[in-house]
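Visitor: Could you take me through one part of this model at close range? I'd like to hear about a sheet, whatever packs on it, and the core beside them.

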Amino acid sequence: MTVAVVGASGLTGSAFCDIVADKLPRLRLIGKSTVGTRVTLAGKTYVVEGEEALDKSCEYAMFFTDEQTSRRLVPKAALNGAVCIDNSCAFRMHRDVPLVVPKVNGGDVGRCKVIANPNCTAIQIAIALNCVKSLGIEEVTAVTFQAASGAGREGLADLRQKRGYGKLKAFAHPLCDNVIGQIGELLPDGTTTEEQKLRLELPKILHEKQLEVNSFCARVPVSVGHCAFVSVALSQSFDLDKVCDMFTGKDLLLYRQGLPQPLALRHTHVVGVGRLSKFRNRLNMFVVADNLLTGAAYNAFEILRIAMENNKC
C-alpha cells in the first residue's frame, strides 16, 4: 500500500510522518514550497514531490493542508482511486463525509473515499464526553485555551517574538505574556469560525443531532497542548463519585482528579481529564491533550488504520 502525505513539511504532517515512518513501508511525501527537499524517516530518505505526484498510484492520501488546498486536491485524489483523509475543515460537515474520532465513532469510517479529521479541540472534548454519553448529554459549554502550535509553525514563531508587533505572521497581537480572546474570523453573531467548528462538529461526532454547544475559544502562550473547560448538562441525575469511575480505565484517556496539564501530556496520545465537579445537573471538567498528536496526527493515523482494514480485499 502506498500512502501519500500532502503537507508533510508542516507541524502536523511532520508529526504524522514520525508516527508512520516505521509502520508504512511505502510513503510518498508531497509538498509545495519544499519540493526536492530530502527527509529522513526511520533511516530511510524520501524526496518531497510536487502535487502532480497525486496522479500516480496512491491507495491512500493524507492531507495536512489548508482548506483551500484540500478543496482543490482531495476530489482529484479520490477520483484517482485514493482513500483521502483530510485534516482541514473543507469536508467536515458534508453529509456523505464521515467526521471521525476512532474511539468515539470509528464505525463511521466504512469504505468511504473521503474521511474528515475533526477540529483539534473537538477531538479531545468528544473523547471526554463519550465517557458520559449514557447519562444523556443535553447541552455543552466549552471554553478552550489553545496553544500557539494550533496556528502552525508561524504560530510558534509569533510566540517567540515576545511583545513586538513588527514580525507577527499568525496572530493579530503578540501572544507572549498575553491571551488573545479570538481564534478564527469573527462572524455576524459575535462568535468566531473556531467556535462554530465546535458547535457543528461535536453533534456529528457524538451522533447527537440536537446537541447544543456553546463555545468560546482563546489563544494562550503555550507552545503545544490545548486545554478546555467543559461543562455538560446531563439529563439523568448522577453521583459524582460514580461519574469519576466512568472515566477510569478508558483506552487513551487518563483520568486524575488532580490537574492534567499540557506540559505533562505533551508528546503523548492521551487525553487528560480532571477537576471533575458537579453544579446542579451539570458536570464540569478540565480536558487536556497534545493538539498536534491526539488533536490531529495520531487521530488521522487511527482513521487510516480503520480505513485500511475496511478496504482489505
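**A sheet and its core**

Guide: Let's start in the middle of things: strand β10 (residues 226-234) and strand β13 (residues 282-289) run antiparallel and are joined by eight bridges. Within that pairing, S231 stands opposite N284 of β13. Keep in mind that what we're looking at is a predicted model.

Now the helices that sit on this sheet. Helix α4 packs on it, touching β8, β10, β11, β12 (271-279) and β13, and its direction makes about 45° with that of β10. Helix α6 (residues 193-206) packs on the sheet too, with contacts to β8 and β9, and its direction makes about 145° with that of β9.

Step back and you get the whole sheet: six strands, open, in the order β9-β8-β10-β13-β12-β11, with mixed pairing. At the edges you'll find β9 (212-219) and β11 (253-255), each of which pairs on one side only. From neighbour to neighbour the strands are turned by 20° on average, if you ignore direction.

So what about the core? The largest nonpolar core has 60 residues, and F247, L283 and M285 touch the most other members. Helix α4 (residues 120-130) supplies the largest share of this core, seven residues. As background, nonpolar side chains in soluble globular proteins tend to be buried together.

F247 is a good place to park the view. Leaving aside residues up to four places away in sequence, F247 touches A128, C131, V132, L253, Y255, V273, L276, L283 and M285. Among those partners are L283 and M285, which are named with F247 as touching the most other core members.

Just past α4, have a look at L135, in the loop between α4 and β8 (137-146). L135 counts as buried because its relative accessible area is 11%, under the 20% cut-off. Its contacts, again not counting residues up to four places away in sequence, are L234, S235, Q236, F238, V243 and M246. For a sense of scale, L135 and Q68 are 67 residues apart in sequence and 39 Å apart in space, C-alpha to C-alpha.

For context, here's the other sheet. Five strands form an open sheet in the order β2-β1-β5-β6-β7, with parallel pairing. Here β2 (27-30) and β7 (114-116) are the edge strands; each has a single partner strand, so one side of each is left without a neighbour in the sheet. The twist averages 15° from one strand to the next. At the β7 end, strand β6 (residues 83-86) pairs with β7 in the parallel sense over three bridges, and C84 has V114 in β7 as its bridge partner.

This sheet has helices lying across it as well. Helix α1 (residues 11-20) crosses β1 (3-6), β2 and β5 (60-63), running at about 155° to β1. Helix α9, meanwhile, lies across β1, β5, β6 and β7, at about 165° to β5. Helix α9 (residues 293-310) isn't straight: there's a bend of about 35° at N299. It is also mostly covered, with 14 of its 18 residues buried.

Finally, the record: an unreviewed UniProt entry places the feature "domain: Semialdehyde dehydrogenase NAD-binding" at residues 2-112. Over that stretch the chain is 24% helix and 22% strand, and the end C-alpha atoms are 17 Å apart.

Terms used. Residues numbered from 1 in each chain as written. Predicted model: local features only at pLDDT ≥ 70, side-chain atom pairs only at ≥ 80, totals over all residues. Heavy atoms only, no water. UniProt positions renumbered as here; feature names shortened; annotations may be inferred. Helix = DSSP H or I, 4+ residues; strand = E, 2+ residues; numbered from the N terminus. Bend = angle between axes of the 7 residues up to and from the residue. Buried < 20%, exposed > 50% of the residue type's maximum accessible area, 1.4 Å probe, protein only. Core = buried A, V, L, I, M, F, W, Y, C linked by side-chain atoms within 4.5 Å. Contact = heavy atoms within 4.5 Å. Pairing = 2+ DSSP bridges. Axes fitted to C-alpha atoms, helices over the stretch in contact; angles between N-to-C directions.
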